Amino acid sequence: MSMLTRRHLLRQAALSATAATPAGAALGTVTAAAGATALTGCQSGDSAAPGEPAASPAARLHFPANFGWGAATSAYQIEGAAKEDGRGESVWDTFSRTPGRTRNGDTGDVAADHYHRYAEDLDLMRDLGLRSYRFSISWPRIQPDGTGAANQRGLDFYRRLVDGLHERGISPMATLFHWDLPQTLQDAGGWESRDVAYRFADYAATVFAALGDRVPVWLTINEPKTVVQNGYLYGHHAPGRQDPDAAYLVAHHLQLAHGLAVQALRAGGHGGRIGPAFNLHPCYPADDSSGATEATRLYDGYENRLYLDSALKGSYPEDVLADLGPTSRMVRGIRDGDLKIISSPIDLLAVQYYTPIYVTATGGTVRRWPTSEASWQQIYPDGMYDILTRVTRDYGSIPLTVTENGLPTPDVLAADGTVEDTGRVNFLRDHLAAAHRAVTDGVPLESFHVWSLLDNFEWAEGYDQRWGLIYVDYPTQRRVLKRSAHWYRQVIADNAL
């Protein structure tokens with residue numbers, strides 16, 4: 001692998017959808033050439049700003065009947081109870097407890113205490129009118145060492161959660177892996193070990209057997225790209241490595257694990273639909289030069305096609321494989337039959353959109369739009385339209401669900417008990433308008449899940465960033481609906497913007 005390619009990969013890691021940045025980092029500036037063009041042109045949908053008169057019924061953006069309005073969370077970010085009821089340690093327990101790895105030394109040991117307060121949280125979901133709730137299952141809560149018999153107390157927690165969702169008329173959407181690999185498996189090589197993909201399939205089969213008749217939608221691996229980039233390139237996520245050659249072997253094994261889990265669901269005869277959850281970044285040339293166009297193509301290969309092509313077409317992008325080189329660990333690690341497993345037929349694709357990427361002729365990146373408190377996140381709603389329509393155009397009419405979209409805002413609990421997060425309302429309104437336009441143009445989008453339901457442990461950023469519709473006062477674990485939650489409840493009730 002060339003040093004130039006290595007620099008490109010490290011740049012990509014810095015732009016990953018969960019990249020950590022120093023506290024107080026300045027907002028990005030517009031540095032791309034003024035004439036930079038998108039791969040697909042589009043314009044923002046019009047909608048009234050908060051506090052303005054509502055649009056007339058005819059002018060409103062109505063979503064399809066039975067559209068799945070939801071919100072999303074993940075186990076390590078909200079559950080807490082890190083040492084309770086037989087749960088084993090994960091790579092994130094180890095990483096967050098290592099000095100200097102997370103902001104303020106924060107850990108997910110308590111998080112939002114959802115493990116003990118799940119019934120209260122379920123009531124809040126019902127009160128918001130959610131139709132779908134996307135959550136993740138903690139692998140070390142089910143198999144403390146990543147293998148062997150299930151921890152019954154862990155399974156019972158998720159049974160209670162799923163039953164509580166059904167009792168409140170909310171459809172469960174369960175993610176099998178949201179980054180909390182059992183530490184014992186990491187000690188045995190982690191995702192660099194091909195065997196871990198097969199251990200994941202065993203774990204998936206255990207969960208399917210316990211919950212399969214109660215969960216209508218399963219997601220296999222959440223954002224494999226983030227594990228690759230943030231965990232193995234940049235090193236600011238667990239397991240904290242900086243090894244590009246290992247990173248893309250990890251990518252292959254994560255994709256393999258996805259395919260094996262799909263096969264496990266089918267083999268067990270369980271009902272339910274299944275697919276992966278990919279964070280997709282639309283990539284645009286930073287200027288009109290042929291060099292920028294060429295560099296953007298390869299950048300897109302690493303960001304998007306590596307995962308989409310293997311899962312949906314049964315092949316890895318030739319330009320990416322050529323760039324990695326025949327001696328790379330990934331290329332050498334692909335065995336006969338692997339891509340057939342990886343491309344096992346799925347029922348839906350989960351898309352997570354946060355930011356666009358603008359690529360220069362030298363393979364670097366520039367910022368073109370204002371950023372959120374997460375300095376890696378450029379706020380560009382049209383990117384939602386572009387990525388949804390691109391998936392449908394390039395991969396066919398597979399059903400889509402947006403399983404994450406949101407941003408952090410500087411939320412403060414006022415003396416009157418309110419939280420004014422107008423920026424989040426504006427962001428969600430504009431991105432939902434873009435999603436609506438994609439539906440109008442033929443994209444088979446079934447549902448939309450805001451990230452996140454609750455303020456939570458934001459990985460390397462600890463508790464400094466608040467992403468939730470619901471404010472969590474961590475010292476008391478009190479929950480407070482933010483302005484965005486009240487706004488979203490009305491959107492759901494109206495099924496329209």
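Strands here are DSSP runs of at least two residues, helices (H or I) are runs of at least four, and both are numbered from the N terminus. All the views below come from a predicted model.

**View 1. Gln477 sits between two strands with a positive phi.** Start with the loop that links E12 to strand E13 (478-481), which is where you'll find Gln477. Its phi is near 60°, so to speak on the positive side, in a residue other than glycine. For context, most residues other than glycine have a negative phi. Gln477 has 6% relative accessibility and the cut-off for buried is under 20%, so Gln477 counts as buried.

**View 2. Ala111 is another non-glycine residue with a positive phi.** This one belongs to the loop between helix H3 (91-96) and helix H4 (114-128). Phi of Ala111 is about 50°. Is Ala111 buried or exposed? At 4% relative accessibility, Ala111 counts as buried.

**View 3. Two cis peptide bonds, one ahead of Pro239 and one ahead of Ser452.** Most peptide bonds are trans, and here are two that aren't. Ala238 and Pro239 are joined by a cis bond with omega at about 5°. Pro239 lies in the loop that runs between helix H9 (224-232) and helix H10 (244-267). The other panel shows Trp451 and Ser452, again joined by a cis peptide bond, with omega at about 10°. Ser452 is part of the loop between strand E11 (445-451) and strand E12 (470-473).

**View 4. Three strands make an open sheet.** Read across the sheet and the order is E6-E8-E9, with mixed pairing. Which strands stand at the edges? Strand E6 (283-285) and E9 do; each has a single partner strand, so one side of each has no neighbour in the sheet. Zoom in on strand E8 (residues 357-359) and E9: they run antiparallel and 2 bridges join them. Tyr358 has Val366 as its bridge partner in E9. Helix H11 (residues 290-312) lies across E6, E8 and E9, and runs at about 170° to E6.

**View 5. Trp369 shares a polar contact with Tyr358.** Trp369 comes from the loop between strand E9 (365-366) and helix H15 (382-395). Its side chain meets that of Tyr358 in a polar contact of 2.6 Å. Tyr358 is also the residue whose bridge partner in E9 is Val366, which ties this close-up to the previous one. What separates the C-alpha atoms of Trp369 and Tyr380? The separation is 6.7 Å, with the two residues 11 apart along the chain. Trp369 has 26% relative accessibility, so Trp369 counts as partly exposed.

**View 6. Helices H10 and H11 pack together.** Two packed helices are described by the angle between their axes and the distance between the axes. For H10 and H11 the angle is about 35° and the axes are 10 Å apart. The crossing of the pair is right-handed. From H10, the residues to look for are Tyr248, Ala251, Gln255 and His258; in H11 they meet Tyr302, Leu306, Tyr307, Ser310 and Ala311. Sort this contact by class and you get 6 nonpolar, 3 polar and no charged residues. H11 is also the helix that lies across E6, E8 and E9.

**View 7. Strand E2 is covered on both faces.** Of the 5 residues in E2, 5 are buried. Ser132, Arg134 and Ser136 point to one side and Tyr133 and Phe135 to the other, and all of these are buried. Strand E1 (residues 68-72) runs parallel to E2, with 3 bridges joining them. Gly70 is the residue opposite Ser132. Strand E3 (residues 171-177) also runs parallel to E2, through 5 bridges. Within E3, Met173 is the bridge partner of Arg134.

**View 8. Arg131 sits in the loop that leads to E2.** This loop runs between H4 and strand E2 (132-136). Which residues does Arg131 touch, leaving out those up to four places away in sequence? They are Asn66, Phe67, Trp69, Ile170, Ser171, Ile492 and Asn495. Arg168 is 37 residues from Arg131 along the chain, and their C-alpha atoms are separated by 9.3 Å. At 29% relative accessibility, Arg131 counts as partly exposed, whereas the residues of E2 are buried.

Methods:
Residues numbered from 1 in each chain as written. Predicted model: local features only at pLDDT ≥ 70, side-chain atom pairs only at ≥ 80, totals over all residues. Heavy atoms only, no water. Buried < 20%, exposed > 50% of the residue type's maximum accessible area, 1.4 Å probe, protein only. Polar contact = N/O pair within 3.5 Å; in protein donor to acceptor, adjacent residues only side chain to side chain. Pairing = 2+ DSSP bridges. Contact = heavy atoms within 4.5 Å. Axes fitted to C-alpha atoms, helices over the stretch in contact; angles between N-to-C directions. Left-handed = near helix turned anticlockwise from the far one by under 90°. Nonpolar A, V, L, I, M, F, W, Y, C, P; charged D, E, K, R; others polar.
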